[in-house]
Amino acid sequence: PPIIASDLILYPYQLYKLRLAGADAVRLVAAALESKDLLYLTKIAQSLKMQAILSVASEKQITSITSLSPGSISAVVVSNRELEDFSFDETGEKALSLLCSDSLKEFLAVHDVPVFVEGRVGIISREDERGNESAANYIKELKEAGAFGAFVGGGLADRNKDNVNDSWKALIHDTELAAR
């Protein structure tokens, strides 16, 4: 299976170490890097035959990555996380807003890449038109707004601390129901 290195990457030597360790892709946080550093790191990742996945949490960050060379980015991750204090937008509106933004539309006109969402996906619940509230409804909204997929992490453990496997199965089941 592909290995995505999700470390905080700030320096080129980190890419070399990660590639030697077997990483196939690297996640770069746009908020942590100047535009010139993003350009440099994506070029190095390409030379190492690693995919670059860029994380963004604002329209300003989306605009900053739009100028990168087409083909230098393999995917973008829209985050529900506030990078200033690492808190989450518990409503999920942040990711939905970014997915529907003109900045992302302009980015996708240049970079034909999948868009993922992270941050409390699997935890944030939304109400559907029948009044049923579930995390699957939020996932459905993300998909309708253009998300290709989502990174689901610790949120699954929060749903059922005793059995994460049951949480995973329930989320998949609920998502399938919401898609109908």
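Let me begin with one polar contact, in which the backbone nitrogen of A57 lies 2.7 Å from a polar atom of the side chain of Q61. By polar contact I mean a pair of N or O atoms within 3.5 Å, where, within protein, one must be able to donate a hydrogen and the other to accept it, and where residues adjacent in sequence count only if both atoms are side-chain atoms. Before I go on, please keep in mind that this is a predicted model, in which local features need pLDDT of at least 70 and side-chain atom pairs count only at pLDDT 80 or more, while totals for chains, interfaces and linings use all residues. Residues are numbered from 1 along each chain as its sequence is written, and side-chain values use heavy atoms, with hydrogens and water left out.

Back to Q61, which lies in helix α3, residues 59–66; helices (H or I, at least four residues) and strands (E, at least two) are DSSP runs, numbered from the N terminus. Is Q61 buried or exposed? Its relative accessible area is 13%, so Q61 is buried, given that buried means under 20% relative accessible area, exposed over 50%, and partly exposed in between, with a 1.4 Å probe and protein chains only. Leaving aside neighbours within four places in sequence, Q61 is in contact (heavy atoms within 4.5 Å) with A30, A31, S55, V56 and L83.

Let me step back to the whole chain, whose secondary structure comes to eight helices and 10 strands. Of its 180 residues, 42% count as buried, and among contacts between residues at least 6 apart in sequence, 60% join residues at least 24 apart.

Next comes the interior. A nonpolar core is a set of buried Ala, Val, Leu, Ile, Met, Phe, Trp, Tyr and Cys residues joined through side-chain atoms within 4.5 Å, and the largest one here has 40 residues, with L28, I65, L99 and L142 having the most contacts inside it. Apart from it lies another core, of five residues, among them A25, I53, V77 and F116.

F116 brings us to the aromatic rings, where a search of the whole structure finds three aromatic pairs. Rings of Phe, Tyr and Trp (its six-membered ring) pair if their centres lie within 6.5 Å, and planes under 30 degrees apart count as stacked, over 60 as edge-to-face and the rest as tilted. The rings of F116 and F148 have centres 5.5 Å apart and planes at 85 degrees, so this pair is edge-to-face. It links distant parts of the chain, with F116 in strand β7 and F148 in the loop between α6 and β10, 32 residues apart. F148 counts as exposed because its relative accessibility is 64%, whereas F116, at 17%, counts as buried. F116 also forms a stacked pair with F151, at 5.4 Å centre to centre and 10 degrees between the planes. Ring pairs thus link F116, F148 and F151 into a cluster.

My last stop is H111, found in the loop between α5 and β7. How is H111 placed, buried or exposed? At 1% relative accessibility, H111 counts as buried. Not counting residues up to four places away in sequence, H111 touches I65, T66, L68, S69, P70, G71 and I73. The side chain of H111 reaches the backbone oxygen of L68 at 3.1 Å, and the C-alpha atoms of H111 and G71, 40 residues apart along the chain, are separated by 7.0 Å.
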